[in-house]
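Thanks for coming. Today I will talk about charged pairs, so please have the sequence and the model open.

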Amino acid sequence: MSTKKKLLLGAAGAAAAGGAGLDVDEVFSTFVYTGNNTARTITNGIDLSGEGGLVWTKARDYGVGSALVNTVRGNTKYLESNATAAEASSSVGITAFNSTGYNLGADNTWIWNVNNSYVSEYVSWTFRKAKKFFDVVTYSGQNTDLALSHNLGVAPGMVIIKRTDDSGHDWYVWHRSLNQSENLVLNSDGDVGGNNFWTSSAPSSTVFNIDGNRAAINQSGGSYVAYLFAHNDNSDGEFGPDSDQDIIKCGSYTGNTSGTEVDLGFEPQFVMIKKSSASESWYVYDNMRGVVTGGANSQDKKLRWNTSGAEAAVASPIIAFSSKGFILESTENEINGSGTYVYMAIRRGPLAAPTDATKVFAMDDSSTTDIGGYTLNSNFPVDFYFFKSKTGGDSISIPRLTVGDLRFNSSTAEEDRSSSMNFDSNTGVTRTSFQGGIDSVDYAFRRAPSFFDVCCYSGTAIAGLAITHNLGAVPEMMWVKNRSSNADWYVYHSGLGNTKYLKLNASDAQITNSGAWNDTSPTSSQFTVGSHNGVNGDTTYDYISYLFATVAGVSKVASYTGNGGTQNIDCGFSSGARFILIKSATDAGSWFVHDSVRGIVAGNDPRLKLDQSDAEMSADYVDPLSSGFTVNGPGNNDNGQTYIFYAIA
């Protein structure tokens, strides 16, 4: 949030502020980690000690119940969503809440932080209390109808209630898609029931109403906790830098049609789905554990809130996240059989353009001989990773969205889903046995507004197909590849215009043809493709696109005309470029990559070719410049030639 916004919010008061200016990354986190039996800190960027909220933790690789711990009841108290038990205590689970997450103890209950032969992998979903997003309410039963105050600032989209002081009571759920007299049970796979737990008065922006003399939710002397989730609609969520973005939706849909897209108006990072018209579990999908878009071997990873069961990875496609919602890829009963389903979805972040390039781009000179693999520690969730051997070989790219590799250099091959890549981390990416033991240079990108985005789509073979993206700015460079068939990589660059394209896998000069971009420039919300197989084949073809743009002080997409000598390229940076990609557009020439991890110096610099399997070369091709970089080498600055480039600070 900007300093100006913080001052305005402080002056107006938190109650008036709503979700204004908050980023989704400030109020929600999916964090994956490996247990270690040792006290530790989970840093997820959520201010729990100052703002309050809920941490919901689930073991992934073994049948252990999920635990809910909230700041109102305290860090030692927990409930399990798959059980009817009363609240339990633990001093070795979550030991403290802090301003950037929470602390874990040396767990001996297997719920939070164990590493043994049975369980070691965990996920936690953290919900921060914030207007128009989430709230926690505790109350005492009264045996009479209650209108309970809350601080959402909007009518709840979903309410979950559990009795905490007595066992044998279910978790009762109201969802805005149900009738006022209906409920679901979180610890059960049952369909909708009509227990009349809620009064006839619908919940409002200030209260929710429960019926009297109900042991499960309102018995005199009983203690209860309620978790309230908001529903944003028509940009009333007031999140993001302009206070006009929605981040949470609670809705419903009718199943049984494969390929149906549920339009949220945003790309989700988290989706919970429950069939309300028949018995089915509460399924949870998120992009940190893995939701694979497109491809035959999807490996979508699902957990269930109503059981202690371990995570399952289904080989056939189940669900995909799109630029504007989620796609039901099969007619499996769990999310898309005949009947009605309710859902809660949370938007992918961040919502603001980056101001620090190190938060969205990382690189390393791995120089590894470990055939078991290599990990690039980025300190952010990696959405796109590519690497190239310095001794010669393929340039290989892998996005989180597909976890399938595609090769740049001289390759038109379709996607290979056999790679052993692991994006299962909030702080890096690992290539395990895949291409282990090579001396490579490695690059990692995070998706962020105005900086970088990734889109998957299906072809139609009809010129003029418009693809929705979430870059939040007009793309200045795009790479597009057919994942399902042999085809070139098509490259759009603003320096060439919408009638031309380059091939990322070849040294060819620019090509003029409407089959690439349909002679249509991209916008801040869509880009358009023609009918070429490489960008828009028939409906059996899947595609992936990478979108890049200029962010002041962070990245630069532009072009220049070579002068045959030395030329300074001003990118608006303050400490020079760390990464430079250069290609001659008007003449044949390779895609040259320079980076500061190998050396951008006043002398010989190593460079690699993305489009060739050649080994690294070294000569005085570029020099450092505080505002960008200096070109002086052959292929980088030939007289009269037009060059396109992409640089990161």
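Is Asp-442 buried or exposed? Asp-442 is buried, with a relative accessible area of 0%. Keep in mind that this is a predicted model.

The partner of Asp-442 is Arg-431, and their side chains form a salt bridge with an N to O distance of 2.4 Å. Asp-442 sits in strand β33, residues 440-445, and Arg-431 in strand β32, residues 428-431, so this pair ties together parts 11 residues apart in sequence. Arg-431 is also buried, at 0% relative accessibility.

Next, a network. Arg-60, Asp-286, Arg-289, Glu-311 and Asp-424 are joined into one by salt bridges that share partners. One of these bridges is between the side chains of Glu-311 and Arg-60, at 3.0 Å from N to O. Where are the two residues of this pair? Glu-311 lies in the loop between β21 (300-304) and β22 (312-314), and Arg-60 in the loop between β3 (53-59) and β4 (67-70). The bridge therefore ties together parts that are 251 residues apart in sequence. Arg-60 has 5% relative accessibility and counts as buried.

The last pair is Arg-214 and Asp-211, a salt bridge whose closest N and O atoms are 3.3 Å apart. Here Asp-211 is buried, at 18% relative accessible area, because the cut-off for buried is under 20%. Arg-214, at 26%, counts as partly exposed.

As for the total, the structure holds 29 salt bridges, and the ones I went through are among them. As general background, side chains of opposite charge can pair when their charged atoms come close.

Key: Residues are numbered from 1 along each chain as its sequence is written. This is a predicted model: local features need pLDDT of at least 70, side-chain atom pairs count only at pLDDT 80 or more; totals for chains, interfaces and linings use all residues. Side-chain values use heavy atoms; hydrogens and water are left out. A salt bridge is a side-chain nitrogen of Lys or Arg within 4 Å of a carboxyl oxygen of Asp or Glu. Helices (H or I, at least four residues) and strands (E, at least two) are DSSP runs, numbered from the N terminus. Buried means under 20% relative accessible area, exposed over 50%, partly exposed in between (1.4 Å probe, protein chains only).
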